[in-house]
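Me: Please take a close look at the charged side chains in this model. I want to know where they sit, how they pair and how covered they are.

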Amino acid sequence: MTTTQPFHDEPRSAVIKRRLVTVSRSVALCLIITALLPILLVGAATVDVVRWIVAKRPWMSVRVVLFGWSFFVTEVIGLAWLLAVWLMSGFGKDRVRLVARTWPVQRWWARTLFAAVRRLFRIELEVSDHDVTTPGPIIAMFRHASIVDNLLPALLLTDAKQFRMRWIIKRELLELPSLDVAGRRLPNYFVDRNADDPRREIRAIRRLADDLEPDEGVLIYPEGTRFTERRRRRALADLENRSPALHERAAAMHHVLPPRVGGPLALLDSGYDVVLCGHEGLGGFARIGDVWSGALLGRTVRVCFWRIDAADIPRNRKARIDWLYSQWERIDAWIGAQKAT
């Protein structure tokens, strides 16, 4: 059975203080948006009509309002469910029961939000070679391109394949109370990307891969953040100073950010197979405002998986960095081919 031990050491007082703000904010926004939903929809529809008349833009304002409402309703229901789980586990004292009953909440949360995205924005999902994701344990490395693709691992691994994934999540997402509560109960790590001691963060990431069961895995986004052209230029400038050889390879990749090597290489020490995931169709949506443009509407999102046997992964650091870049070059080439079709 998966570990029930937390992978964090944040003071309890800081957790309580943060949740008093984030939980009350989410509940208040849910109530306000629900109460004002008819007015908000009328206003959004008016904006959409004007945009359609002036520029033939699709109706996105109504969709964004409905998704915002769906998000906060899902958040509040999830928080209520998590509270019930906490109460039924003896106010959290029975850690085994607490963890076991939190997994279904996580699966429901991701499934519900992605279903809302698919229906509101008429998204089609095509997945290739999904079967290679099993059996576990695995190290899953996903491309990161938008605010929407955060849901793909939970949908395609946690929900569809019943994997209990241990996530490496940026610490900023603790501002979402459902991720905060569920994510800290389960064996995840909220990484501080601006930590004074990066080696401490790497050690914590490495711990996530300890003692994985056949239905478990660790998820990491090696790029570290969502792809944008500005971030790509900044990453290339940084690489040019640190590693001219890697800069040359990264500059030849146009659809992905160069992978950060610290976390991925730490996880490779576990000796597990690696499952890589590329996807195309969700790029260009780094912020909510990007969704409002209408470009997301009616898209077909293509996802591909492939698996690398642990025995085929190099053992020394330099060769592993070369291997990791080769996998990202493969993802970049695959995305380019999809865009050309």
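Reply: Start with Arg260, in the loop that runs between helix H8 (244-251) and helix H9 (262-268). In this predicted model, Arg260 has 45% relative accessibility, so it counts as partly exposed. Arg260 belongs to a surface patch of positive charge, together with Arg230, Arg233 and Arg234.

Now the paired charges. Side chains of opposite charge can pair when their charged atoms come close. The structure has 23 salt bridges. Three of them deserve a close look.

Take Lys161 and Asp131. Their side chains form a salt bridge, with N and O 3.3 Å apart. Lys161 is in the loop between helix H4 (151-159) and strand S3 (164-170), and Asp131 is in the loop between strand S1 (124-128) and strand S2 (138-142), so the bridge ties together parts 30 residues apart in sequence. How covered are the partners? Lys161 is partly exposed, at a relative accessible area of 25%. Asp131 is exposed, at 59% relative accessibility.

H4, the helix before the loop of Lys161, is mostly covered: nine of its nine residues are buried. Among them are Leu151, Leu152, Pro153 and Ala154. Leu155, Leu156 and Leu157 are buried in H4 as well, and so are Thr158 and Asp159.

Next, Glu172 and Arg193. They form a salt bridge whose closest N and O atoms are 3.3 Å apart. Glu172 lies in the loop between S3 and helix H5 (177-185), while Arg193 lies in the loop between strand S4 (189-191) and helix H6 (198-207); the pair therefore links parts 21 residues apart in sequence. Glu172 is partly exposed, with a relative accessible area of 39%. Arg193 is partly exposed too, at 32% relative accessibility.

The third pair is Arg320 with Asp269. Here the closest N and O atoms of the salt bridge are 2.7 Å apart. Arg320 lies in helix H11 (residues 317-340) and Asp269 in the loop between H9 and strand S6 (273-280), so this bridge joins parts 51 residues apart in sequence. What is the cover on each partner, buried or exposed? Arg320 is buried, with a relative accessible area of 6%; the cut-off for buried is under 20%. Asp269 counts as partly exposed, at 46% relative accessibility. Beyond these pairs, Arg18, Arg19, Asp180 and Arg184 are joined into one network by salt bridges that share partners.

For contrast, turn to a surface patch without charge. Val49, Val50, Trp52, Ile53, Val54 and Trp59 make up a nonpolar patch on the surface. Together they have about 600 Å² of accessible area. Ile53 sits in helix H1 (residues 12-55). Ile53 is exposed, at a relative accessible area of 59%.

Last, confidence. The chain has a mean pLDDT of 91. Of its residues, 95% reach 70 or more. Confidence is highest in S2, at 97. Confidence is lowest in helix H10 (residues 288-292), where the mean is 69.

Technical notes: Residues are numbered from 1 along each chain as its sequence is written. This is a predicted model: local features need pLDDT of at least 70, side-chain atom pairs count only at pLDDT 80 or more; totals for chains, interfaces and linings use all residues. Side-chain values use heavy atoms; hydrogens and water are left out. Patches are made of residues with over 30% relative accessible area and no salt bridge: like charges are joined within 9 Å, nonpolar side chains (Val, Leu, Ile, Met, Phe, Trp, Tyr) within 5 Å. Accessible areas come from the Shrake-Rupley method with a 1.4 Å probe; for residues, only the protein chains shown count as cover. A salt bridge is a side-chain nitrogen of Lys or Arg within 4 Å of a carboxyl oxygen of Asp or Glu. Lys and Arg count as positive and Asp and Glu as negative; His and the chain ends are not counted. The place of a charge is taken as NZ of Lys, CZ of Arg, CG of Asp or CD of Glu. Helices (H or I, at least four residues) and strands (E, at least two) are DSSP runs, numbered from the N terminus. Buried means under 20% relative accessible area, exposed over 50%, partly exposed in between (1.4 Å probe, protein chains only). pLDDT is the predictor's confidence in each residue, from 0 to 100.
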